[in-house]
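Welcome! Here are a few exercises to work through with the structure on your screen. Try each task before you read its solution.

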Amino acid sequence: MKTTILTGLFAATLSLTFAQTPTNLESTLETLDVKTGKRMVILKEPRHFEAPNWSRDGKFFIINADGKLEKVSTNGKKQGVIPTGIADRLNNDHGLTFDGKTLIVSHNDPQVTKGAKSRIYTLPAEGGTPKLITEKAPSYWHGVSPDGKTLVYCAERDGAWDVYSISSEGGEEKRLTDAQGLDDGPEYSYDGMWIYFNSNRSGRMHLYRMRPDGSQQEQLTNDAFDNWFGHPSPDGKWLAYISYLEDQKGQHPFGKDVKLRLMNLETREIKDLTDVFYGGQGTINVPSWSPDGRKIAFVTYRKL
């Protein structure tokens with residue numbers, strides 16, 4: 001029963017994320033130096049955009065807005081829309097392979113006739129014709145192995161939300177988690193040894209990690225926050241993530257009090273990276289570390 005209720009709520013949240021874009025809103029793309037705490041505004045506009053990826057060469061960001069992907073330089077210059085062909089209803093689960101050559105997107109595919117429609121496609125980083133990777137829906141991309149051969153994602157199958165992997169060429173998917181509740185946000189470490197993810201299997205949303213084959217699953221956080229989307233640093237020493245101040249009952253909604261936090265993966269010590277701000281869904285869903293591991297990119301919001 002718990003899984004059934006969770007599935008309904010989560011599916012509704014994902015659907016609303018794309019279908020009902022917030023209005024009367026200001027979005028701000030920022031970077032934050034994790035050592036000094038210095039924040040820098042890159043782009044601030046009176047519209048809704050989400051989920052920055054930092055390019056692998058460090059020269060630009062990718063954000064999504066109105067179902068499309070846009071490039072923004074590190075000095076805030078808008079560089080246009082990335083052509084994604086038939087994949088023109090993109091949600092905020094997107095990113096690049098480690099070599100920067102391939103773009104991975106989650107497309108709310110109108111070819112899917114029942115339920116949540118998101119399926120995963122790949123295409124050249126500069127844009128082009130998308131290739132369908134996951135036949136089944138819904139599938140929401142979150143991570144790629146360092147060698148580019150494997151994608152990991154959150155998917156609902158038979159009423160259960162779990163982490164899956166699949167070849168970057170497509171084919172048969174492999175289920176990596178089977179705990180009751182929601183498992184989401186899988187992301188590979190830069191050395192390929194771990195997959196970090198979040199799960200509310202304990203009754204609250206916390207961060208976990210596991211080996212790429214799904215073994216050695218271990219819980220990393222255990223506090224009063226709702227912790228989502230752990231992003232490991234390039235040097236493997238840190239985990240940046242977003243914390244909701246209150247229990248969200250298996251959802252990650254927009255428009256809540258949140259803050260960014262940082263875990264030392266050796267000592268498991270945690271510190272706040274930001275004060276509380278207005279954000280949530282769209283703030284830091286996908287990989288967003290700078291290539292040199294000094295900064296993270298994220299989006300804050302303000303009601304107008």
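**Exercise 1: An open sheet**

Task: In this predicted model, find the open sheet of 4 strands and work out which strands stand at its edges.

Solution:
- Start with the strand order, which is β11-β12-β13-β14, with antiparallel pairing.
- Next, look at the two ends of that order: β11 (139-144) and β14 (174-175) each have a single partner strand, so one side of each has no neighbour in the sheet.
- Now follow β11 to its partner: 5 bridges link it to β12, residues 150-157, and the two run antiparallel.
- To see one of these pairings, pick Trp 141, whose bridge partner in β12 is Tyr 153.
- A general reminder helps here: strands of a sheet pair through backbone hydrogen bonds, either parallel or antiparallel.

**Exercise 2: A hairpin**

Task: Find out how β1 and β2 are joined, and which residue in the turn has a positive phi.

Solution:
- Begin with the strands themselves: β1 covers residues 25-33 and β2 covers residues 39-45.
- They run antiparallel and share 6 bridges; Thr 31, for example, has Met 40 as its bridge partner in β2.
- Between the two strands of this hairpin lie 5 residues.
- In that turn, Gly 37 has a positive phi of about 80°.

**Exercise 3: The setting of one valine**

Task: Is Val 72 buried or exposed, and which residues does it touch?

Solution:
- First locate Val 72, which sits in strand β5, residues 68-73.
- Its relative accessibility is 0%; buried means under 20%, so Val 72 is buried.
- Then list its contacts, leaving out residues up to four places away in sequence: Leu 29, Ile 42, Leu 43, Phe 60, Phe 61, Ile 63, Lys 77 and Gln 79.
- Take Leu 43 from that list: it is 29 residues from Val 72 in sequence, and the C-alpha atoms are 8.1 Å apart.

**Exercise 4: The whole chain**

Task: Describe the protein chain as a whole, starting with how many helices and strands it has.

Solution:
- Count the elements: there is 1 helix, and there are 24 strands.
- Compare the radius of gyration, 17 Å, with the 19 Å that the globule rule gives for 304 residues; the two are close, so the chain is as compact as a globular protein of that length.
- Check the extent: the C-alpha trace spans about 45 × 45 × 40 Å along its principal axes.
- Look at burial: 57% of the 304 residues are buried.
- Finish with charge: 38 side chains are positive and 39 negative, and the centres of the two sets are 3 Å apart.

Note on methods:
Residues are numbered from 1 along each chain as its sequence is written. This is a predicted model: local features need pLDDT of at least 70, side-chain atom pairs count only at pLDDT 80 or more; totals for chains, interfaces and linings use all residues. Side-chain values use heavy atoms; hydrogens and water are left out. The radius of gyration is taken over C-alpha atoms; the globule rule is 2.2 Å times the number of residues to the power 0.38. Buried means under 20% relative accessible area, exposed over 50%, partly exposed in between (1.4 Å probe, protein chains only). Lys and Arg count as positive and Asp and Glu as negative; His and the chain ends are not counted. The place of a charge is taken as NZ of Lys, CZ of Arg, CG of Asp or CD of Glu. Two strands pair if DSSP finds at least two bridges between them. Contact means heavy atoms within 4.5 Å.
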